[in-house]
Amino acid sequence: MSADNFQCGFVALVGRPNVGKSSLLNRLVGQKISITSRRPQTTRHRILGIKTAEHYQIVFVDTPGLHTRQPRAMNRYLNRAAADSLTDVDVVVLVVEGKRWQEDDDWVLQKLQDLSCPVIVAVNKVDRITDKQTLLPFLQELAARRDFVEIVPVSARTGDQLAQLEAAVLKYLPQSPPLYDEDQVTDRSQRFLAAELVREKLFRKLGEEIPYGLTVEIESFREKGGVLHIHALIWVEKTGHKPIVIGNKGQLLKEVGREAREDMQQAFDQKVFLQLWVKVKEGWADDERALRSLGYDES
Ligand code: GDP
């Protein structure tokens, strides 16, 4: 692979929660990397998905931090992380939902105001729109909101028009040799994925009951005799949140542990021994230092 005919660059996927950024990323990269869920805010970290083809490599930067305004440290951190991840990218793909423009979309768009790099809009979930004609006024409204270089209706669910989206991105990707190994799809460690899997299960099981500020930290991650021993701490903000996470007779936590372990075994192709602990860290979401100590750091 020579630099002459090779393109490589960073592409940020931005958009309000639930528009389908993670789904899109997984589809484009062809592997489940970030965890999708019906609930917003499940992906807190910047995740890289890397797509390598014969003549190009696209490094996707997910910016799940572009949320709505909330006066808490967690959101301040998320917003800052999102803003940081937008500098030094070659292309921004703004993901919106077909025919559903919301206040939060405006807020994200506002964050892009001073960006000089090209912005492409992916209008996702068009599989839900039966009469495609009805999409046209929405696309026209979109075009008037900013000088977008392209607007591409897509469906992360069916894969419809994803090739077009990729082609649009490639138009703006610089000539450069690949930055990552061909077989590397994410730079996130197994440790990170392990924490994500536990968090995903918790979010799915707890539904509306999910305590605000819940987070998962992998305390230790060791291989011993061909078995991965993983200890995960589930941090909650209030003592009262603990029984919610543990569930009646420890049932909920047990199920979370079992399902997360099964997924880990599949992801890591190895036997996993998983231990979960629930701990209380009062008011931690308001404490930026505590956030950093838990690994929510920009670096
Ligand atoms: P994110 O918060 O922007 O990362 O959104 P997710 O990727 O987690 O998706 C949010 C929800 O929208 C999930 O329930 C997805 O299954 C759903 N979704 C994502 N893409 C599509 C799509 O193209 N069509 C439909 N119908 N649903 C989608």
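Hi everyone, let's start at the ligand: 17 residues surround it, and the closest are N18, K21, S22, S23 and D127. Before I go on, please remember that this is a predicted model.

Who makes up that shell? Sorted by class, the residues around the ligand are 3 nonpolar, 8 polar and 6 charged. Helix α1 gives the most to this shell, with 3 residues.

Now let's look at some of the individual contacts. Take K21: an N or O atom in its side chain sits 2.7 Å from an oxygen atom of the ligand. S22 also has a polar side-chain atom 2.7 Å from a ligand oxygen. With D127, the ligand partner is a nitrogen atom, and a polar side-chain atom of D127 lies 2.7 Å from that nitrogen. How much of the ligand's accessible area does the protein cover? On its own the ligand has 580 Å² of accessible area, and the protein covers 89% of that.

Let's move on to salt bridges. The count for this model comes to 16 salt bridges, and I've picked three to show you.

My first pick is D105 with R16, whose side chains meet in a salt bridge at 3.0 Å, N to O. This pair links distant parts of the chain: D105 is in helix α3, residues 103–111, while R16 is in the loop between β1 and α1, and the two are 89 residues apart. Are these two residues buried or exposed? D105 counts as buried because its relative accessible area is 2%, under the 20% cut-off. R16 is buried too, with a relative accessible area of 4%.

My second pick is E166 with K51, and here the salt bridge has a distance of 3.3 Å, N to O. This pair also joins distant parts of the chain, with E166 in helix α5, residues 162–171, and K51 in strand β2, residues 48–52, which puts them 115 residues apart. The two partners fall into separate categories: E166 is buried, at 12% relative accessible area, whereas K51 is partly exposed, at 23%.

My third pick is E200 with R204, where the closest N and O atoms of the salt bridge are 3.3 Å apart. How many residues separate these partners along the chain? They are 4 residues apart, about one turn of the helix, and both lie in helix α6, which covers residues 190–206. E200 is buried, with a relative accessible area of 3%, while R204 is partly exposed, at 49%. Beyond such pairs, there is also a network: salt bridges that share partners join R16, E97, R100, D105, K125 and R128. You'll recognise R16 and D105 in that list from my first pick.

One last stop, and that is G9. You can find G9 in strand β1. Why do we call G9 buried? We do so because G9 has a relative accessible area of 2%, and buried means under 20%. Which residues touch G9, if we leave aside its neighbours within four places in sequence? G9 is in contact with Q57, I58, V59, D90, L173 and P174. Try finding S176 on the structure as well: G9 and S176 are 167 residues apart in sequence, yet their C-alpha atoms are 7.5 Å apart in space.

So that's our tour, from the ligand through the salt bridges to G9. Thanks for listening!

Methods:
Residues are numbered from 1 along each chain as its sequence is written. This is a predicted model: local features need pLDDT of at least 70, side-chain atom pairs count only at pLDDT 80 or more; totals for chains, interfaces and linings use all residues. Side-chain values use heavy atoms; hydrogens and water are left out. A salt bridge is a side-chain nitrogen of Lys or Arg within 4 Å of a carboxyl oxygen of Asp or Glu. Buried means under 20% relative accessible area, exposed over 50%, partly exposed in between (1.4 Å probe, protein chains only). A residue is near a molecule or strand if one of its heavy atoms lies within 4 Å of it. A polar contact is a pair of N or O atoms within 3.5 Å; within protein, one must be able to donate a hydrogen and the other to accept it, and residues adjacent in sequence count only if both atoms are side-chain atoms. Accessible areas come from the Shrake-Rupley method with a 1.4 Å probe; for residues, only the protein chains shown count as cover. Ala, Val, Leu, Ile, Met, Phe, Trp, Tyr, Cys and Pro count as nonpolar, Asp, Glu, Lys and Arg as charged, and the others, Gly among them, as polar. Contact means heavy atoms within 4.5 Å.
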